[in-house]
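Please read the following account alongside the sequence and the coordinates. The discussion moves from the cysteines to the helices and ends with a single strand residue.

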Amino acid sequence: MKLYIETERLLLREWTPNDLPTFIKMNQDPEVMEFFPKILDSKESIDFYQRICKEFDKVKYGLFAVERKSDHKFIGYTGLHKADFPANFTPCIEIGWRLIKDVWNQGYATEAAKACLQYGFINLNIKEIYSFTAAINKRSERVMQKIGLQKIGEFDHPNIISENRLCRHVLYKSSFSEK
């Protein structure tokens, strides 16, 4: 298993099949998935896992599995992903995260995301990294602010119908020159 990033409390590593049960459960948790269009069933989570692994094979980065050092428990993912839906800022590299509810409010998302930003800028030579979420998702927006991203606007996500409460998104960005 390849380790990409190590922080004080976390290992950001390649995925293993052992991560799947927790990943599936996380994607079926209504609180975790509150600001996503839908809860994922088991097959959708397995398909998502396979897409993550393929992205690593293709571009050598992606959404890292996050493991807590203290007990070696898989707690979710944080990482970089190419967003290519139609928008005035795409294609772009996006930073994102999703963690199991049991570890919320302990600073893990911020710790992992800060490390991913640095990894993207320094190790991968990425010049700009974006992040976006539904405008009502204040928890994720706060993480964006804590890791030093700057709000550059809002947009309606083209893959979400305009009547949906999740359609309006906030858009944040960081550039290597700012670091």
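Cys53 is partly exposed, with a relative accessible area of 23%; this value and those that follow are computed from a predicted model. Is Cys92, by the same criterion, buried or exposed? Cys92 counts as buried, because its relative accessibility is 6% and the cut-off for burial is under 20%.

How many disulfides does a search of the whole structure find? The search returns 0 disulfides. Cys53 takes part in none, and the nearest cysteine sulfur, that of Cys116, is 16 Å away. For Cys92, the closest cysteine sulfur also belongs to Cys116, at 15 Å, which is too far for a bond; a disulfide would require the two sulfur atoms to lie within 2.5 Å.

Cys116 itself leads to helix H3, since it is listed among the buried residues of that helix. H3 comprises residues 108–123, and at 1.5 Å a residue its 16 residues should span 22 Å; the end C-alpha atoms are 21 Å apart, so the expected and computed values agree. The helix is mostly covered, with 12 of its 16 residues buried. Besides Cys116, the buried residues include Tyr108, Glu111, Leu117, Tyr119 and Phe121. Just after H3, Asn125 adopts a positive phi of about 60°.

Helix H1, which covers residues 20–27, can be examined in terms of its faces. Its buried residues are Leu20, Phe23, Ile24, Met26 and Asn27. Viewed down the helix axis, these buried residues of H1 fall within an arc of 160°, and therefore line one face of the helix. An α-helix has 3.6 residues a turn, so residues three or four places apart point the same way. The face of H1 turned away from the buried side carries the exposed residues Pro21 and Lys25. What covers the buried residues of H1 includes helix H2 (42–59), strand S4 (73–83) and strand S5 (92–99).

Strand S4 contains Lys73. This lysine is partly exposed, with a relative accessible area of 31%, a value that lies between the limits of 20% for buried and 50% for exposed. Which residues does Lys73 contact, leaving aside its neighbours within four places in sequence? Under that restriction, Lys73 is in contact with Val66, Glu67, Arg68, Ile100 and Asp102. Lys73 and Leu10 are separated by 63 residues in sequence, while their C-alpha atoms are 9.8 Å apart in space.

Notes
Residues numbered from 1 in each chain as written. Predicted model: local features only at pLDDT ≥ 70, side-chain atom pairs only at ≥ 80, totals over all residues. Heavy atoms only, no water. Helix = DSSP H or I, 4+ residues; strand = E, 2+ residues; numbered from the N terminus. Expected span 1.5 Å × (residues − 1). Buried < 20%, exposed > 50% of the residue type's maximum accessible area, 1.4 Å probe, protein only. Arc of directions from axis to C-beta. Contact = heavy atoms within 4.5 Å.
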